[in-house]
Amino acid sequence: MKIIALKIALIAGISFGLQLFLPWWVIVIVAFAIEILFGGKTSLSFFSGFYGIFIYWLIYASIIDIQNGFILSKKIALLFHLPQIPFIVALVTALIGGIVAGLGSLTGNLFRKMFNL
Amino acid sequence: MKILKFIVSLSITLILVFSMNMKIGMLPPLGKFINPVNGFWQNAEKPEPEIPAELKLKVNASSKIIYDERLVPHIFAENIHDLYLLQGYVTASNRLWQMEFQTHAAAGRISEIIGEKAIPFDREQRRIGMLFSAENAVKVFETDTLAKQIMEAYSEGVNAYINSLTEKTLPLEYKLLDYKPEEWTSLKSSLLLKFMAKMLTANEHDFENTNMINLIGKEKFDLLFPDYFPGTDPIIPRGTIFDDVSVHIDSGKVSTNGKQTTYAPIEKTDEHIGSNNWAVSGSKTASGKPILCNDPHLKLSLPSIWYEIQLNAPDINVYGVSLPGAPSVVIGFNDSIAWGVTNASVDVRDWYEITFKDDSKKQYLFNEKWLNTTAQIEEIKVRGAKAFYDTVYYTHLGPVVYEGDFNASGSQQQNLALKWTAHSPSNELATFYFLNRAKNYSDYEYALTFYQCPGQNFVYADAQNNIAIWQQGRFPARWKEQGKFIMDGSVKENEWQAIIPQKQNPHIKNPERGFVSSANQHGVDETYPYYYLGMFEHYRNRRINSELSRMQKITADSMFRLQNDNYNLMAAENLPLMLDYVKKNELKNDSVEKLVLNALEKWNYMHDAEMIGPTAFDLWWKQYTTFVWDEFEDKPYKLLKPHPSAAFRLMKEFPDDKLFIHLTTKDRKPKNAINLSYDAFYWTGLKINELITEDEHPQWGFQNAITVEHLARIPAFSFNNLVTGGYKYAVNAVSPPNGPSWRMVVELGDKPKAWGVYPGGQSGNPGSHNYTAFVEKWAKSEYYELVFMSKENQKEGKYIQQIIPEK
């Protein structure tokens, strides 16, 4: 359990640092790399990437959303035909980021497993 | 097995990552767009704008940009170069996407951004010669050192902003539509001015008129489409003496050949794009100083077509609205003068039928000789598809817009060329450059001499208590009815033989009545020595003139009321007769018809938001004209319905005209104006009943609700269904999607005082609190007092930005 918490924290933290200069998909590489380094149960590996990015993006987007007074997120919700519920756009943002990163961490885990590490 | 699992997982991940990095259909590249670090979230601004206190730019001397509370920038520069560089920079930092999108539209390059579906639009821009016009204008700038300097400085400023952009700070629409801004050039500024020229001068009806006269004959045509409607009150008051003709033209002959044109006409100026402006002399104001007012009516859009700005340098101190993409202030005031514009609505676009020698289209007939065409190959780049190529043949008259398969329907083989004043080289920016600096009447007159297209009525007032108006533009001197119909391009007399000399353009200074005004009506009466055509307003302008004649001791407040006046002169002139025609004794007491009748009998002709009377009147007269003009429906060629005043004139003068025979109810007894109007009244009752039972708010404000639409027509970025009063024939010409795009009132004096409002906000970013900051104030007919700073007085500045020369 401690390992997965560490992985989540590392994925969130390193992605945050690297995303400042690298494109958004660096989150997938980070999740992939962390799983290669740490490994663990394959069945849980999706969640290290998923939660790492889900939490990081959700907090980031929500802070912006609050500071903005929800002006833009309301418009984006309308644009993507989402219901007008507070934080829905931040949540969808975090979910999408989480899923891609989760796939990255799962792939990293499977890569490690190929070499029986 | 492990390898397979890995490969499957890797493939899914890669496919997802790639597809989220790509624009798919209307969907933006999802990963790029939604990630909070670089995506749209970064365009979500805090309520308090983050304006850095210092900025390094390539200015020659230290300068300052002071923003007031409403985020209007007040630029204080030391020289021309720095001034326009900074105008370019601040405008771009607030409105870059809009500036570029509009110039892409003008150049026919929208397909590059949104793909195949914009090809017809782009093709039309290329074929009417938008790029050709803009390039001709650039040639003029290149030879004029002053214009060149200004344009280059402005471009430098815009490019400084573009170059400072990162993926994170890119304006929202670029992220959504997934493309990047390109370098700004003076060609782009010219394209923007041509974009305005097209918006304001595409008001000719040569095709429709040709089809109509062939259908109904000359006598009826002249009755329905007279050059002057009875009661016309021109900009230059009747009785003014004009100079005699000073350029000679050989007269020609109208010939329409009985041939109907089935081509679909290209994009036209909306009839309700117009404007009001007026100036009252000190003799009529409470302060003894003149007051000038202007409200240009355009399609309301977001980001707004206007950007407020103050420009200050040693030779200039001007405030007003600018067009994002062009240097200078277009409508505004300085310490000494104020000016405003309305559209002249004079026809400056004619269509000529071209006879090609053969299918190669290399030669065409003119004055019994074969002349050569120039072929221009247009490459329209298309996103996600192969480029589309089109060939446009240019004649000395202009580009052959209709030819081959363009907008064709059926087997029509007419080749039609467009002659348009926007094609000729001109330097409209010089006008604004000199107006911005004008100190007196002669400076204003001088500034106007540069102005060609789109023709405008420039109203003027100064602190020395002069008022004036000039209808300025490049207008062809026509023989009678020349250009009203499609002309034979091979006949010499049909081409434009002369331009009305600039000094003879309609103008007046300090008239006895103490005011000057224009609202897109006729410039002059029938005694003017030149024949001209146009699409002229008939009601708004007369209301303004009668109000201004009546008013004394005018204040800014009374001017606000006049700009927001909802009085419908058309109703006042015609509703009493229409009500007389209603068979009142046939109406049941508790019927909707009775309710409608009562509402209309009590109505004061005001199109106020909470009233039902205006809804009923609007439905009624429109249905009445639909019945009257049903002869012109469903034809395989385009026709123009006559102006409503023609329908009312028929009702009064020829109530038994054949046009009143209602085609769809032939079985019923023959109709006349009385029966038809009553039928329309009955229909109005049904319609109002429908609105009430379906809970659709019959009050006028809801029926006239206006949407201020985002330029890329994205509903989420638009301001939808704004409930407001006003009417297309009222001074407050709110007529969805058009309306007063900027209301300005300036009181001149030792120091000018001014008020203004526009339905938008200074920021062009949908994620900003300032994107629609002024809309509600505008809808409530309220104004902001404008902050006019000087070098000495800048106390109303809220954010100060020092501009430091970059080494």
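**Exercise 1. Which residues of E11(B) lie on one side and which on the other, and are they buried or exposed?**

The model is predicted: local features need pLDDT of at least 70, side-chain atom pairs count only at pLDDT 80 or more, and totals for chains, interfaces and linings use all residues. Residues are numbered from 1 along each chain as its sequence is written, while chains are lettered from A and ligands numbered from 1 in the order in which they are written.

Solution.

Step 1. Fix the terms. Strands (E, at least two residues) and helices (H or I, at least four) are DSSP runs, numbered from the N terminus. A residue is buried if 20 or more other C-beta atoms lie within 10 Å of its own, exposed if 12 or fewer, and partly exposed in between, with C-beta atoms placed from the backbone.

Step 2. Sort by side. B:Arg349, B:Trp351 and B:Glu353 are on one side of E11(B), B:Asp350 and B:Tyr352 on the other, and all are buried.

Step 3. Conclude. Since 5 of the 5 residues of E11(B) are buried, the strand is largely enclosed by the rest of the structure.

**Exercise 2. Place E11(B) in its sheet and find its partners.**

Solution.

Step 1. Read the order. An open sheet of 4 strands in chain B runs E16-E17-E11-E21, with mixed pairing. Two strands pair if DSSP finds at least two bridges between them.

Step 2. Find the edges. Strand E16 (400-402) and strand E21 (487-488) of chain B each pair on one side only.

Step 3. Take the E17(B) partner. E11 (349-353) and E17 (416-420) of chain B are antiparallel and share 5 bridges. In this pair B:Glu353 faces B:Leu416, and B:Trp351 stands opposite B:Leu418.

Step 4. Take the E21(B) partner. E11(B) and E21(B) run parallel and are joined by 2 bridges; B:Tyr352 stands opposite B:Met487.

**Exercise 3. Describe helix H9(B) and its packing against H3(B).**

Solution.

Step 1. Check the length. H9(B) has 16 residues and reaches 22 Å from first to last C-alpha, close to the expected 22 Å; the expected span is 1.5 Å times one less than the number of residues.

Step 2. Check burial. With 14 of its 16 residues buried, H9(B) is largely enclosed by the rest of the structure.

Step 3. Read the geometry. H3 (80-107) and H9 (186-201) of chain B pack at about 70 degrees with axes 8 Å apart. Axes are lines fitted to C-alpha atoms, for helices over the stretch in contact, and angles run from 0 to 180 degrees between N-to-C directions. The two helices are therefore roughly perpendicular (65 to 115 degrees; under 35 is roughly parallel, over 145 roughly antiparallel, the rest oblique).

Step 4. List the contact (C-beta atoms, placed from the backbone, within 7 Å). H3(B) gives B:Gln102, B:Thr103, B:Ala105, B:Ala106 and B:Ala107, and H9(B) gives B:Lys188, B:Leu191, B:Leu192, B:Lys194 and B:Phe195.

Step 5. Class the residues. There are 6 nonpolar, 2 polar and 2 charged residues, where Ala, Val, Leu, Ile, Met, Phe, Trp, Tyr, Cys and Pro count as nonpolar, Asp, Glu, Lys and Arg as charged, and the others, Gly among them, as polar.

**Exercise 4. Characterise chain A and its contact with chain B.**

Solution.

Step 1. Describe chain A. Its secondary structure comes to 5 helices and 0 strands, and its C-alpha trace spans about 50 × 25 × 25 Å along the principal axes. Of its 117 residues, 48% are buried.

Step 2. Count the contact. Chain B gives 33 residues and chain A gives 31.

Step 3. Assign the chain B side. Helix H1 (2-19) and helix H2 (30-34) of chain B are the elements that give two or more residues, and H1(B) has the largest share, 10 residues.

Step 4. Class that side. Chain B presents 19 nonpolar, 9 polar and 5 charged residues to chain A.

Notes
Contact = placed C-beta atoms within 7 Å.
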